[in-house]
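Please read this report with the sequence and the model side by side, so that each contact can be located as it is described.

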Amino acid sequence: MRRNLIVLLMALATPVAAQQTPKLEPIPEPPPMPASDPSLDPEVRIVQRGEDTVQEYRIRGKLYMIKVTPPHGVPYYLIDNEGNGVMTRQDVLPTLAVPMWVIKSW
């Protein structure tokens, strides 16, 4: 019984082993990256205020986030969520970052 089972399994495995691997073709080169606008890169300025280290993040000169790192403690963030200059404190950055891009300004 056991011998018949082994022979049957070997007979089923033979066609699988006989298959040839397909010829692989090289992956085409990706398209070039689009040119980025350097004015959209965030500017980071690090300052010492007392014993705290403050990192100010700006885009096009507009302050949108501040990270405050006290000497003994956990850093916290001040974020301008609506773009009106009012900063709200967040102890941890949100795990879900909703895109808040400026589509058009005048």
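The text below takes up the strands, then the charged contacts, the aromatic rings and a surface patch.

The coordinates come from a predicted model, and the description begins with the pairing of the strands. Strand β2, residues 52-59, appears in the account of the charged contacts as well, and seven bridges join β2 to strand β3 (residues 62-69), the two strands running antiparallel. Within this pairing, glutamine 55 stands opposite lysine 67 in β3. The connection between β2 and β3 is a hairpin with two residues between the strands, and arginine 60, which lies in the turn, has a positive phi of about 55°.

On to the next pairing: β3 is joined by four bridges to strand β4 (residues 76-79), and these strands also run antiparallel. Here valine 68 stands opposite tyrosine 76 in β4, while the hairpin that joins β3 to β4 passes through six residues. As a general point for reading such strands, the side chains of a regular strand alternate between the two faces of the sheet.

Which charged side chains are joined by salt bridges that share partners? The structure holds three salt bridges, and those that share partners join Arg45, Arg49, Glu56 and Arg58 into one network. The table gives the pairs with the distance between their closest N and O atoms.

| Salt bridge | Closest N and O atoms |
|---|---|
| Glutamate 56 with arginine 45 | 2.8 Å |
| Glutamate 56 with arginine 49 | 2.8 Å |
| Arginine 58 with glutamate 56 | 3.1 Å |

In the bridge between glutamate 56 and arginine 45, glutamate 56 lies in strand β2 and arginine 45 in strand β1 (residues 43-49), so the pair ties together parts that are eleven residues apart in sequence. Is glutamate 56 buried or exposed? Glutamate 56 counts as buried because its relative accessibility is 5%, which falls under the 20% cut-off. Arginine 45, at 46% relative accessibility, counts as partly exposed, and arginine 49 is likewise partly exposed, with a relative accessible area of 49%.

The aromatic side chains offer a further set of contacts. A search of the whole structure finds one aromatic pair: the ring centres of tyrosine 57 and tyrosine 64 are 6.4 Å apart and the ring planes stand at 55°, so the pair is tilted. Tyrosine 57 is buried, with a relative accessible area of 16%, whereas tyrosine 64 is partly exposed, with a relative accessible area of 29%. Tyrosine 76, already met opposite valine 68, takes part in a contact with a charged group, since the charged end of arginine 89 sits over the ring of tyrosine 76, 3.8 Å from the ring centre.

A last feature belongs to the surface. Leu5, Leu8, Leu9 and Leu12 form a nonpolar patch there, and together these residues have about 410 Å² of accessible area. Leucine 5, one of the patch residues, has its place in helix α1, which covers residues 2-18. With a relative accessible area of 49%, leucine 5 is partly exposed, because the exposed class requires over 50%.

Definitions and conventions: Residues are numbered from 1 along each chain as its sequence is written. This is a predicted model: local features need pLDDT of at least 70, side-chain atom pairs count only at pLDDT 80 or more; totals for chains, interfaces and linings use all residues. Side-chain values use heavy atoms; hydrogens and water are left out. Patches are made of residues with over 30% relative accessible area and no salt bridge: like charges are joined within 9 Å, nonpolar side chains (Val, Leu, Ile, Met, Phe, Trp, Tyr) within 5 Å. Accessible areas come from the Shrake-Rupley method with a 1.4 Å probe; for residues, only the protein chains shown count as cover. A salt bridge is a side-chain nitrogen of Lys or Arg within 4 Å of a carboxyl oxygen of Asp or Glu. Buried means under 20% relative accessible area, exposed over 50%, partly exposed in between (1.4 Å probe, protein chains only). Two strands pair if DSSP finds at least two bridges between them. Rings of Phe, Tyr and Trp (its six-membered ring) pair if their centres lie within 6.5 Å; planes under 30 degrees apart count as stacked, over 60 as edge-to-face and the rest as tilted. A charge sits over a ring if NZ of Lys or CZ of Arg is within 6 Å of the ring centre and within 35 degrees of the ring normal.
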